[in-house]
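Here is a colleague's note to read beside the model, set out as numbered points. Please keep the structure in view and find each residue as it is named.

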Amino acid sequence: MNKDIIQEFYLLALVDIANGKDISDLEEAINLYEEAEEYEACAGILKAIHESGYMTIKDIINKLEDEQRNN
């Protein structure tokens, strides 16, 4: 698996979550990527969903800002 692709989809999913996207929409996206056999995308989105379960929106935004500073 390509870790860069996983990280990219993880961060994109965190942005969606921070912007109020419903988790069920992200789960639908996982299903679409799974059908297309894009498993890295699935892994990244799933990671974001799991982590967002114990993070506040402020935590997510801080994580995204930290990631942006590191790149």
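1. The protein chain holds four helices and zero strands, and from the N terminus on its elements follow the order α-α-α-α. The radius of gyration is 12 Å, close to the 11 Å that the globule rule gives for 71 residues, so the chain is as compact as a globular protein of that length. Please bear in mind throughout that this is a predicted model.

2. Taken along the principal axes, the box filled by the C-alpha atoms of the protein chain is roughly 35 × 25 × 15 Å. Of the 71 residues, 31% count as buried, and the accessible surface comes to about 4900 Å², with 48% of that area belonging to carbon and sulfur atoms.

3. How do the contacts spread along the sequence? If we take the contacts between residues at least 6 apart in sequence, 67% of them join residues at least 24 apart.

4. The charges deserve a careful look, for the protein chain carries 6 positive and 17 negative charges, and the mean positions of these two groups are 11 Å apart. Side chains of opposite charge can pair when their charged atoms come close. How many salt bridges does a search of the whole structure find? The search finds one.

5. That salt bridge joins the side chains of D66 and R69, with a distance of 2.7 Å from N to O. Both residues lie in helix α4, which covers residues 57-70, and they are three residues apart, or about one turn of the helix. The two partners can also be described by their accessibility: D66 is partly exposed, with a relative accessible area of 36%, while R69, at 60%, counts as exposed.

6. E51, which has its place in helix α3 (residues 39-52), makes a useful case to set beside that pair. E51 is buried and yet has no salt bridge, and the nearest side chain of opposite charge, that of K63, is 4.4 Å away. Since a salt bridge here requires a nitrogen of Lys or Arg within 4 Å of a carboxyl oxygen, the 4.4 Å between E51 and K63 does not qualify. Even so, E51 touches K63, and it touches Y10 as well, when residues up to four places away in sequence are not counted.

7. E67 also has its place in helix α4, and with a relative accessible area of 22% it is partly exposed. Leaving aside neighbours within four places in sequence, which residues are in contact with E67? They are Q7 and L11. By way of a distance to check in the model, the C-alpha atoms of E67 and I23 are separated by 22 Å, and these two residues are 44 residues apart along the chain.

8. Finally, please look at Y33, which is found in helix α2 (residues 23-35) and which, at 30% relative accessibility, counts as partly exposed. With its neighbours within four places in sequence left aside, Y33 is in contact with F9, E38, A41, C42 and I45. The C-alpha atoms of Y33 and M55, by comparison, are separated by 25 Å, with the two residues 22 residues apart along the chain.

Conventions:
Residues are numbered from 1 along each chain as its sequence is written. This is a predicted model: local features need pLDDT of at least 70, side-chain atom pairs count only at pLDDT 80 or more; totals for chains, interfaces and linings use all residues. Side-chain values use heavy atoms; hydrogens and water are left out. Helices (H or I, at least four residues) and strands (E, at least two) are DSSP runs, numbered from the N terminus. The radius of gyration is taken over C-alpha atoms; the globule rule is 2.2 Å times the number of residues to the power 0.38. Buried means under 20% relative accessible area, exposed over 50%, partly exposed in between (1.4 Å probe, protein chains only). Contact means heavy atoms within 4.5 Å. Accessible areas come from the Shrake-Rupley method with a 1.4 Å probe; for residues, only the protein chains shown count as cover. Lys and Arg count as positive and Asp and Glu as negative; His and the chain ends are not counted. The place of a charge is taken as NZ of Lys, CZ of Arg, CG of Asp or CD of Glu.
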